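Student: I have a model open and would like to learn how to read it. Could you walk me through it, feature by feature?
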Amino acid sequence: MNTLAIVGAGAAGVATFIAAVRAKVARSIYMIDPNPIGPGAAFSNTDSDILCNTSVDTMSVLHDMPLDFLEHLRCEGYPSTAESFVPRFLVGRYLASRFLQYSAIAREQGVLVQYVCSTFKAMKVHSHRRYELEFYDVQLRPSPSLWATDVVFCTGFGPPRLPLVAQPFYNQPSFIKNPYPEASMLAMIPENSRVLVMGSKLSAIDSAIVLCRDGHQVTMLSPSGEFPSVRARFMRSPKAVFDGEDIAALMKTGQHERETYSPAMRYSYVKYFSRVLRQNLGKDWSLQFSYASSVVDRLKEEVAIAGRGDSHWQEYVVDFMHAINRLHSKGDVYFEGFFHPAFERLLYRYITALALPNARKLLKYIEDGVLCVQSGEITRMGYSQGSPHPWRVNWAAGDYRFDAIVSATGYYQSRYVMSDNGKIELEVGGDRSKNNALTILPTMAGAHESFGERESIWFLGAPARPRLWVPNALVVVTPLANRIIESMGQLPQAGSAA
């Protein structure tokens, strides 16, 4: 009798749970998370101005019902189309609703479903498909352990990543370490404040939008001072245009030139992508991109291009993601560092592009003079209690005064490692991950030299980052959840030979 433990109960955890219920792979399923099941960290927002940057079309948690989220929104009376960018809290509600629906189905099948409101501590592999999981309760005290035959780790990213210069101010009340939940961030900032937002990517943009809306004067600062690109929709691709083998050959050819990122290597990347775009976009692909040097001019041009419906490159982003991720089944090479970092950052501008409604809001706030964007790295920070605008921050442009600082510089990548005492533990930003990290196989199963047989230990969502690109996108997570559950059902039972 199989017992499945799903560690992490956000989007990836719910997708795994639904796939497991539909495939009837376990008699007991435990959902393990200190937070409520469904929204997870990604969709626990409450503010209607915090939008998904992916369209409704790609947000279904049911692999064979790609418009299930759209149907859910219609049943809820929320006006939307497959192209819509909707508030993130609606996805959280959807995930919670589908979990309840499939919990009822599981119980009708005689499956025990139990929610464990605890934090994962460690897991011991006692023998083949005989795993003991240890936890902390909400007060971080050890909780009773749980035994399972199958485990899927669906935990998200680690804690917020803080620049070194900001770490001494960790406990300062007007230093907000994480912009989420956004209601907590807003509650910590006095009215009509000058706010520095550290970062210029998606979470920083969310922060800037709600802060400007609520009457604050906002400066965004990042080393690049660059926004993601802009798209009018993010939908499943109409056809496959990217060939995984071509991409693999391109990356392999350039490996010996990665240290210098030579002009020849850059040209080979540009030549490949321009050929694919030229063959499939049906018009001059170069007219679909902005070449402005100023971040504001580039935002303005990209908003105009997307608004006219001319950003046809957006139709093939999902196909590119799938083509890259299909390569993981072709061998045991991780994709971290396959592209030169500079070129990878360029690709991510388009893969993680801004939803057009948010881009328009940003542009309006910039034009209204309540938001500015700068490039640079902070060299000094200081705080003077009781002073007007108590924060003093220095970067290349000079000294500036602020009332509050919001850090939106991303999150630590978490990995699962084998500890010295033979237990699997979650490590965030430590050194052990370099040598003791579990290997993620092309099947998304975990492997380690201490395992005697193929174990039923799997990774989905953010923990799969070494193996996949954009591993937490629902359009990636949902099919992989089904593949993992299918593979799980093909493993030898506990106590049997491999």
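Tutor: Gladly! This is a predicted model, and a good place to begin is its surface. The accessible surface of the protein comes to about 21900 Å², and carbon and sulfur atoms account for 52% of that area.

Student: What percentage of the residues count as buried?

Tutor: Of the 498 residues, 54% count as buried.

Student: How do I judge the overall size, and what is the radius of gyration?

Tutor: Compare the value with what a compact globule of that length would have. For 498 residues such a globule would have a radius of gyration near 23 Å, and the protein has 23 Å, which agrees. Along the principal axes, the C-alpha atoms fill a box of roughly 65 × 60 × 50 Å.

Student: How many helices and strands does the protein have?

Tutor: There are 13 helices and 22 strands. To see how the chain is brought together, look at contacts between residues at least 6 apart in sequence: 69% of these join residues at least 24 apart.

Student: And the charges? How far apart are the mean positions of the positive and negative ones?

Tutor: The protein has 50 positive and 47 negative charges, and their mean positions are 1 Å apart.

Student: Let me zoom in on a helix. Is H9 mostly covered or mostly open?

Tutor: A general idea helps here. An α-helix has 3.6 residues a turn, so residues three or four places apart point the same way. Now for the case: H9 spans residues 317-326 and is mostly covered, with 8 of its 10 residues buried. The buried ones are Val317, Val318, Asp319, Phe320, Met321, Ala323, Ile324 and Asn325.

Student: On to cysteines. How many disulfides does the structure hold?

Tutor: The count is 0. Cysteine 117 is in no disulfide, and the nearest cysteine sulfur, in cysteine 154, is 17 Å away. Cysteine 117 is partly exposed, at 34% relative accessible area.

Student: Why does cysteine 212 not form a bond with cysteine 372?

Tutor: A disulfide needs two cysteine sulfur atoms within 2.5 Å. The sulfur of cysteine 212 is 9.3 Å from that of cysteine 372, its closest cysteine sulfur, and that is too far for a bond. Cysteine 212 counts as buried, at 7% relative accessibility.

Student: Where does cysteine 154 lie, and is this residue buried or exposed?

Tutor: Cysteine 154 sits in the loop between strand E7 (150-153) and E8. Its relative accessibility is 7%, so cysteine 154 counts as buried. Here is a nice example of sequence and space telling separate stories: cysteine 154 and glycine 8 are 146 residues apart in sequence, yet their C-alpha atoms are 4.7 Å apart. Leaving aside neighbours within four places in sequence, the contacts of cysteine 154 are Ile6, Val7, Gly8, Ala12, Gly13, Thr16 and Leu460.

Student: Is a loop residue such as serine 118 buried or exposed?

Tutor: Check the accessible area as well as the element. Serine 118 lies in the loop between strand E3 (112-116) and strand E4 (119-127), and it is buried, with a relative accessible area of 7%. Beyond neighbours within four places in sequence, serine 118 touches Ile32, Asp33, Pro34, Phe135, Tyr136, Asp137 and Ser143.

Student: What should I look for in the backbone angles?

Tutor: Start from the usual pattern. Most residues other than glycine have a negative phi, and most peptide bonds are trans. In this model, the peptide bond from tyrosine 180 to proline 181 is cis, with omega near -5°. Proline 181 lies in the loop between strand E8 (175-176) and helix H4 (182-187).

Student: Which sign does phi have at asparagine 192 and at histidine 389?

Tutor: Asparagine 192 has a positive phi, near 55°. This residue is in the loop between H4 and strand E9 (194-198), and counts as exposed at 60% relative accessibility. Histidine 389 also has a positive phi, of about 50°. Its loop runs between strand E14 (380-383) and strand E15 (391-395), and histidine 389 is partly exposed, with a relative accessible area of 26%.

Student: One more loop: which residues is threonine 379 in contact with?

Tutor: Threonine 379 lies between strand E13 (371-375) and E14. Setting aside neighbours within four places in sequence, its contacts are Val165, Asn394 and Trp395. Threonine 379 and asparagine 394 are 15 residues apart in sequence, and 5.7 Å apart from C-alpha to C-alpha.

Methods
Residues numbered from 1 in each chain as written. Predicted model: local features only at pLDDT ≥ 70, side-chain atom pairs only at ≥ 80, totals over all residues. Heavy atoms only, no water. Buried < 20%, exposed > 50% of the residue type's maximum accessible area, 1.4 Å probe, protein only. Helix = DSSP H or I, 4+ residues; strand = E, 2+ residues; numbered from the N terminus. Rg over C-alpha atoms; globule rule 2.2 N^0.38 Å. Contact = heavy atoms within 4.5 Å. Areas by Shrake-Rupley, 256 points an atom, 1.4 Å probe, with all protein chains shown as cover. Lys, Arg positive; Asp, Glu negative; His and termini not counted. Charge placed at Lys NZ, Arg CZ, Asp CG, Glu CD.
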